[in-house]
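Morning, everyone. I'll take you through one model today, helix by helix. Here it is on the screen.

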Amino acid sequence: MVTFENDWDELLKDEFAKPYYQNLRRFLKYEYSHDTIYPDMYDIFNALKLTPYHGVKAVILGQDPYHGPGQAHGLCFSVKKGVAPPPSLCNVFTEIQNDLGIAPPSHGELTQWAKQGVLLLNTVLTVRAGRANSHRGMGWEIFTDQVIELLNEREKPMVFLLWGANAREKGKLITNPAHRVLTAAHPSPLSAYNGFFGCRHFSKTNEFLQSVGEQPVCWQLDD
């Protein structure tokens with residue numbers, strides 16, 4: 001039984017009994033026993049465990065977990081301390097520096113953001129080693145759509161940061177005018193210069209949060 005130890009437990013409890021999730025669970029049980037799957041099975045739901053529903057201030061949507069050894073730990077774009085930040089994350093740090101004057105940190109672990117209310121959610125929560133998108137279409141998208149729909153229903157405003165085509169596709173689920181939706185190119189080296197650099201999403205997020213009486217996010221990471 002999946003537990004988050006916060007208000008997501010009540011909100012998502014019905015999902016785990018649905019046929020699509022039961023099929024996904026059987027698929028994952030096989031995958032984890034026959035292949036190398038990232039992240040570790042105990043880290044799959046870290047985004048929801050670290051950021052309760054009532055505390056979400058901003059949502060950053062990723063695609064699927066990093067598929068290299070030791071990288072993925074359940075938060076999109078994040079890698080554990082001691083693991084070199086991948087190029088997309090380096091570009092995120094570059095944009096933060098250009099936007100807010102915050103120098104890039106010595107590591108790529110974004111747990112501090114999650115604990116402040118930044119939901120770091122991939123649209124697919126698992127992947128085979130070395131094979132990007134290998135768990136696409138197996139049911140995770142239905143689950144994460146439900147997470148986004150629940151967030152959309154919340155009255156308390158939040159910011160959605162949608163980077164790249166896959167994340168922008170989820171934007172159709174965000175219909176509540178209370179929320180702010182920011183879109184940009186993906187921060188990968190292939191597209192960062194086509195609209196991610198210069199998007200100023202980090203200062204814009206904080207300006208919106210302050211305008212609705214919320215504490216801004218401290219984007220600076222401690223070493």
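Start where two helices cross. α2 passes α6 in a left-handed crossing. Left-handed means that the near helix is turned anticlockwise from the far one by less than a right angle, and right-handed that it is turned clockwise. The helix and strand names come from DSSP runs, numbered from the N terminus: H or I over at least four residues for helices, E over at least two for strands.

Some housekeeping. This is a predicted model, where local features need pLDDT of at least 70 and side-chain atom pairs count only at pLDDT 80 or more, while totals for chains, interfaces and linings use all residues. Residues are numbered from 1 along each chain as its sequence is written, and side-chain values use heavy atoms, with hydrogens and water left out.

Back to the crossing. Two packed helices are described by the angle between their axes and the distance between the axes. For α2, residues 19-34, and α6, the axes come within 9 Å and cross at roughly 130°. That makes α2 oblique to α6. The classes: under 35 degrees is roughly parallel, over 145 roughly antiparallel, 65 to 115 roughly perpendicular, and the rest oblique. The axes are lines fitted to C-alpha atoms, for helices over the stretch in contact, and the angles run from 0 to 180 degrees between N-to-C directions.

Which residues in α2 and α6 meet? From α2, Tyr20, Tyr21, Leu24 and Leu28; from α6, Trp140, Ile142 and Phe143. Contact here means heavy atoms within 4.5 Å. By class, this contact of α2 with α6 has seven nonpolar residues, no polar and no charged. Nonpolar covers Ala, Val, Leu, Ile, Met, Phe, Trp, Tyr, Cys and Pro; charged covers Asp, Glu, Lys and Arg; the others, Gly among them, are polar.

Now α6 itself. It runs over residues 140-153, which is 14 residues. From first C-alpha to last it reaches 20 Å, close to the 20 Å expected at 1.5 Å a residue. The expected span is 1.5 Å times one less than the number of residues. Buried residues in α6 are Trp140, Phe143, Thr144, Val147, Ile148, Leu150, Leu151 and Asn152. Buried means under 20% relative accessible area, exposed over 50%, and partly exposed in between, with a 1.4 Å probe and protein chains only. An α-helix has 3.6 residues a turn, so residues three or four places apart point the same way.

One residue of α6 to look at is aspartate 145. Is aspartate 145 buried or exposed? Neither: it is partly exposed, because its relative accessible area is 24%. Leaving out residues up to four places away in sequence, aspartate 145 touches Lys170 and Leu173. Threonine 123 is 22 residues from aspartate 145 in sequence, and their C-alpha atoms are 7.8 Å apart.

Next, α4 and α8. α4, residues 87-100, has 14 residues and should span 20 Å; its end C-alpha atoms are 20 Å apart, so the two agree. Its buried residues include Leu89, Val92, Phe93 and Ile96, and also Glu95 and Asp99. The cover over the buried residues of α4 includes α5 (111-116), β5 (159-163) and α8 (201-211).

How do α4 and α8 pack? At an angle of about 60°, with axes 8 Å apart. That makes α4 oblique to α8. Val92, Glu95, Ile96, Asp99 and Leu100 of α4 meet His201, Phe202 and Ser203 of α8. The class count for this contact is four nonpolar, two polar and two charged. In α8, the buried residues include His201, Phe202 and Ser203. β2, α4, β5 and β6 are among what covers the buried residues of α8.

Last, the backbone. Glycine 101, just after α4, takes a positive phi of about 75°. Glycine 213 follows α8, with a positive phi near 80°. Phenylalanine 77 is not a glycine, yet its phi is positive, about 70°. It sits in the loop between β2 (58-62) and α4, and counts as buried at 11% relative accessibility. Arginine 200 also has a positive phi, near 55°. At 37% relative accessibility, arginine 200 counts as partly exposed. Finally, a cis peptide bond joins tyrosine 38 and proline 39, with omega about -5°. Proline 39 lies in the loop between β1 (37-38) and α3 (46-50).
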